[in-house]
Amino acid sequence: MKRTAPLLLLILILLNSCSPKAPATPGAAPTPTLPAAIYPDASQPIEARVEDLLSRMTLEEKIGQMTQVEMGSIQPADVSTYFIGSILSGGDGNPPNNTAQAWQDMVKGFQTAAMATRLKIPMIYGIDATHGNAHLYGATVFPQESGVAATHDPALAQKIGEATAEEMLATGVPWTFSPIVAVPQDIRWGRTYESYSEDTQLTTEIATAYIKGLQSLPAGVKTSEGQSLFTLATAKHYIGDGATIWGSSRTGEYLLDQGNVQVDEATLRKLYLPPYQAAVDAGAMSVMASFSSYRGTKMHAQKYLLTDVLKNELGFKGFIVSDWGGIDQIDPDYYTAVVAAINAGVDMNMVPTDYMNFINAMKQAVDDKDITEERINDAVRRILRAKFALGLFEHPYPDPAFISTVRSDEHVAIARQAVQESLVLLKNDNAALPIAKDTPKVFVAGQGADDIGMLCGGWTITWQGQTGNIDIGTTILNSIKTLVSADTTVEYNPTGKFSGKANTGIVVVGEMPYAEGLGDKADLSLSDADIQAINNMRPLVDKLVVVIIAGRPLVITGQLASADAWVAAWLPGTEGEGISDVLFGDHPFVGKLPYTWPRTNAQLPINENNSDGKTGCDAPLFPFGYGLGEAGSQPIAQPTCP
Ligand code: GLC
């Protein structure tokens, strides 16, 4: 008996040192205490803090860290009860009062609940700040990604990342689900504008710079010891979301988005993997899995690509977050889907609503040994690593100091520069451009000339975006009126109908806002209204300029000859004056096409990777990288085609 006493005591101490220290109940005999906690000490190495904290966590606390819930589906009290590790705003997830202060108050409410838990592990709030923190009314809305890529200016992309990070923190949000690094090969995809380019190298350069801008610690900003990230970027959607086959989507009315990718592994590695390698090398600590499938298997269940390639081969030390309910798409049986996704390498589930279903499935999977505690520890380790790197444990709460950065002069100037550099001059006959500021009379037509919502596109205030005066900014029309001489007359009519004549006419054409698969479209022709506006304006002016407001190339071949000049302006965001700056000669045309410009809808998909040998009427209207003016291309003599 004597022999067993010390052994029993030793076993008790060992057991106690493994299991988390249960809160002492008053009056009870003092329980053996754990060694002093390392994880709260910011001077300790992150890996030591991660391992120390992990060793103190219960299974419930670990599962909570792997659970991300959308802000309208949970009360702060449940964030405490279930140790929820992350909250997100989906595309429409704004507080009722859409101000920076209201955002900070909302984030603080969830964070207060997270910090009330036993181990005080802060939650991390995520949002799609894809072209500025455009959820926020009054934020600086930068050009969408295709326009940023048209600048071919990584240094500018980095500045956009820095400015976006500040305006994210103005709302108390330290994590953005951007950039998309998809390398789209088919511009019929509704997410072409959210992506940079069909070209792997251009995508890699711009995305890496943007990530550095988001994550680099700016001088002079209060950070904590050991902090290495300013805000957290997310490279998405891993992998091959830009390579899906037309008509292969299994999601509702979508045609390309969330579809199937059939390319061989060599092509997948050549075209789609480099941006992820560069993102990992640039320090990205979050990757989002794609809704799409690879050769028939949902990406959320692709263990080889998620774990063997991304985590082991590329050395990704951050965490993989699912897309919105992306795990559910794996299998009609939710338990089966959860087991498949977590074992494939998904570390955090963007549930986004029924979090109890996920938590219970995870507990059952551990009980039934379908998911090992080792896999859970790996997932939680990765999530904690990112939270420590963000300094969240030291400053979990929003910092009001960032509120003043929203639409700061500096940010607006960066956005205006991005618009200027994004414009691609496709045609310029009859010396139509630049327009003299003292032109006696200018006609302006097209809804896009007087519509901030059209300039911004999707993911602006709301998920799908909206037309109209939805945000603070400058329309093309107002900027023209400001820029021209006092003696110049500017008249506006959306339809292009005017009495009398003018020296120059500007027609703004383009797409109405959309997001994701709702923008999947086979016919990229101009709308009838836009074609009519061009035809109405043509006989009334000496020189006619058409400006295209669309995040992707549109089929303009039938109208090309009707106008003297054509400008691709992408989705420029709130700073429409950047367009007028270039039209009226204050800034040169420097932009170059990030996507091949098709001659016909029948050519689609057409890109630099499938255009070799295509000449004459089989060639695209304008090739990838084309741009007149200082961009350096020579005008293309277009063949007469049927
Ligand atoms: C969406 C998108 C993804 C976004 C997420 C959260 O469905 O696919 O890009 O980050 O949900 O809004």
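**View 1. His237 and its neighbours reach the ligand.** In this predicted model, an N or O atom in the side chain of His237 sits 2.6 Å from an oxygen atom of the ligand. That is a polar contact, meaning a pair of N or O atoms within 3.5 Å; within protein, one must be able to donate a hydrogen and the other to accept it, and residues adjacent in sequence count only if both atoms are side-chain atoms. The side chain of Asp128 also has an N or O atom 2.5 Å from a ligand oxygen, and for Glu516 the distance is 3.2 Å. Taken alone, the ligand exposes 310 Å², and the protein buries 95% of that; these areas come from the Shrake-Rupley method with a 1.4 Å probe.

**View 2. A shell of residues surrounds the ligand.** There are 13 residues around the ligand, and Asp128, Arg191, Lys236, His237 and Asp323 come nearest. A residue is counted here if one of its heavy atoms lies within 4 Å of the ligand. Which classes make up this shell? It has six nonpolar, two polar and five charged residues. Here Ala, Val, Leu, Ile, Met, Phe, Trp, Tyr, Cys and Pro count as nonpolar, Asp, Glu, Lys and Arg as charged, and the others, Gly among them, as polar.

**View 3. Helix α8 has a cap at its N-terminal end.** Helices (H or I, at least four residues) and strands (E, at least two) are DSSP runs, numbered from the N terminus. A side-chain oxygen of Asp199 lies 3.2 Å from the backbone nitrogen of Gln201, capping α8. The helix covers residues 200–215, and its end C-alpha atoms are 22 Å apart, in agreement with the 22 Å expected for 16 residues at 1.5 Å a residue. That expected span is 1.5 Å times one less than the number of residues. Of the 16 residues in α8, 13 are buried (under 20% relative accessible area, with exposed over 50% and partly exposed in between; 1.4 Å probe, protein chains only).

**View 4. Strand β3 is buried on both sides.** From β3 (residues 124–127), Ile124 and Gly126 point one way while Tyr125 and Ile127 point the other, and all are buried. Strand β2 (residues 86–88) runs parallel to β3, joined by three bridges; Leu88 has Gly126 as its bridge partner. Two strands pair if DSSP finds at least two bridges between them.

**Notes for all views.** Residues are numbered from 1 along each chain as its sequence is written, and side-chain values use heavy atoms, leaving out hydrogens and water. Local features need pLDDT of at least 70 and side-chain atom pairs count only at pLDDT 80 or more, while totals for chains, interfaces and linings use all residues.
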